[in-house]
Amino acid sequence: MTKESIAVIGGGIVGSTAAYYLARAGYDVTLFDEGTGQATSAAAGIICPWFTLRRNKPWYFLVSQGAEFYRQLMRDLAEDGFETAHIFKEQGALIIRKNQKSLDRDIEASTVKKETAPAIQTVKTLSPQESNKLFPMLETQYSATHVQGGGRVDGAALINTLKQAFTTHGGQLITQTAQLTPEHLIKYAQQEAQHFDKILLAAGAWLPDLLEPLDYDVDIRPQKGQLFSIQTTHDDTDNWPVIMPPGKVDIIPNPNGEIVIGATHEDDMGYDLELDYDKLAELSETAKNWIPSIETYSIHNTRVGIRAYTSDYTVLVGQVPETNNIWAVSGLGSSGLTSGPYLGYQWAQLIQTGKWTLNEDDFPINKFIQKRHV
């Protein structure tokens with residue numbers, strides 16, 4: 001029996017994961033990835049979603065399942081012969097809390113959440129002095145919740161490895177801009193438009209452009225994100241925990257003394273990919289509240305990418321209305337590093353088995369993608 005032909009447009013974290021698993025299962029898969037502004041390749045992030053104050057249950061389902069799925073994804077890549085230590089590592093997370101009530105809430109919540117999220121592992125409260133022993137550059141008067149199962153992920157390393165694994169399994173990677181035609185075909189470069197049995201649109205903030213030829217209005221907006229890293233003189237940072245302080249900054253230790261500081265959330269910059277050193281300076285000032293010695297180091301590396309958000313910050317996922325062979329995933333925002341691989345894997349499961357574990361009622365795609373009828 002001939003396997004269906006599959007096209008995935010967008011080689012970020014969702015698209016590359018979906019393409020990898022379908023190629024691994026023997027499908028004829030073409031991944032179109034032009035790559036400009038891709039959020040995942042510009043991202044380094046923290047995988048520790050369990051203690052958020054956000055109360056959106058469908059969102060929490062995605063990120064908690066996503067955190068669990070990372071373990072399977074790393075096992076599968078390792079089974080295929082790829083190194084994964086530089087991609088994802090459980091090195092623990094320190095969630096800095098400003099009051100005892102928040103610390104107690106974390107401990108209480110961990111008991112319940114471990115039942116569905118075994119990756120959480122040990123959770124305990126640490127004094128400022130105990131936190132400093134784990135992260136010697138950290139200076140704070142506040143205690144922290146230490147989550148042993150928390151970790152870090154390098155988006156660029158993950159994407160690069162997924163694409164290598166994808167092509168190893170026979171997938172075709174095309175680094176050209178792909179466009180949909182009104183007939184639901186895919187056209188790129190000077191090639192004739194091509195039919196695919198199933199199509200996944202995983203182009204993030206560029207989803208409205210993809211669906212414009214099909215006369216759809218799409219509720220997706222871009223958000224610019226920038227981050228930077230410093231190169232410290234410490235040589236054991238690979239074992240330091242990630243830091244989640246109050247406010248919109250994360251501190252992520254990488255191997256060999258590199259510390260990543262991220263990321264900005266810029267809603268008014270459209271698809272601009274120019275580096276803004278004023279914004280990086282603001283990030284640095286915020287991070288200095290927690291690691292004052294940051295000012296003694298110069299910027300080592302920078303990244304800029306574009307995230308995708310819906311107007312109400314919920315995720316867009318499902319079959320594009322009035323089509324029978326096109327699906328879309330977008331709107332993951334800053335939690336895309338956590339939930340993206342899980343969503344890509346679930347779509348691959350849907351193609352293979354006709355089922356996925358998502359409750360489609362939780363993600364009403366008609367709310368965000370609407371056909372324009374003349």
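Buried here means under 20% relative accessible area, exposed over 50% and partly exposed in between, with a 1.4 Å probe and protein chains only. The model you have open is predicted: local features need pLDDT of at least 70, side-chain atom pairs count only at pLDDT 80 or more, and totals for chains, interfaces and linings use all residues. Residues are numbered from 1 along each chain as its sequence is written, and side-chain values use heavy atoms, with hydrogens and water left out.

**First stop: helix α8.** Select residues 336–353. Helices are DSSP runs of H or I with at least four residues, strands are E runs of at least two, and both are numbered from the N terminus. Of the 18 residues in α8, 15 are buried, so the rest of the structure largely encloses this helix. Step on to glycine 354, just after α8, and you will find a positive phi of about 80°.

**Next: add α1.** Now select residues 13–24 as well. What does α1 touch in α8? Ile13, Val14 and Tyr21 are among the α1 residues in contact (heavy atoms within 4.5 Å), and their α8 partners include Leu337, Trp347 and Ile351.

**Last stop: asparagine 325.** Look in the loop between β19 (316–319) and β20 (326–330). Is asparagine 325 buried or exposed? Its relative accessibility is 7%, so asparagine 325 counts as buried. Show its surroundings: leaving out residues up to four places away in sequence, asparagine 325 touches His184, Phe196, Asp197, Lys198, Ile199 and Gln319. Finally, draw a distance from the asparagine 325 side chain to the backbone oxygen of phenylalanine 196, and 3.3 Å is what you should see.

Note on methods: Axes are lines fitted to C-alpha atoms, for helices over the stretch in contact, and angles run from 0 to 180 degrees between N-to-C directions. A polar contact is a pair of N or O atoms within 3.5 Å; within protein, one must be able to donate a hydrogen and the other to accept it, and residues adjacent in sequence count only if both atoms are side-chain atoms.
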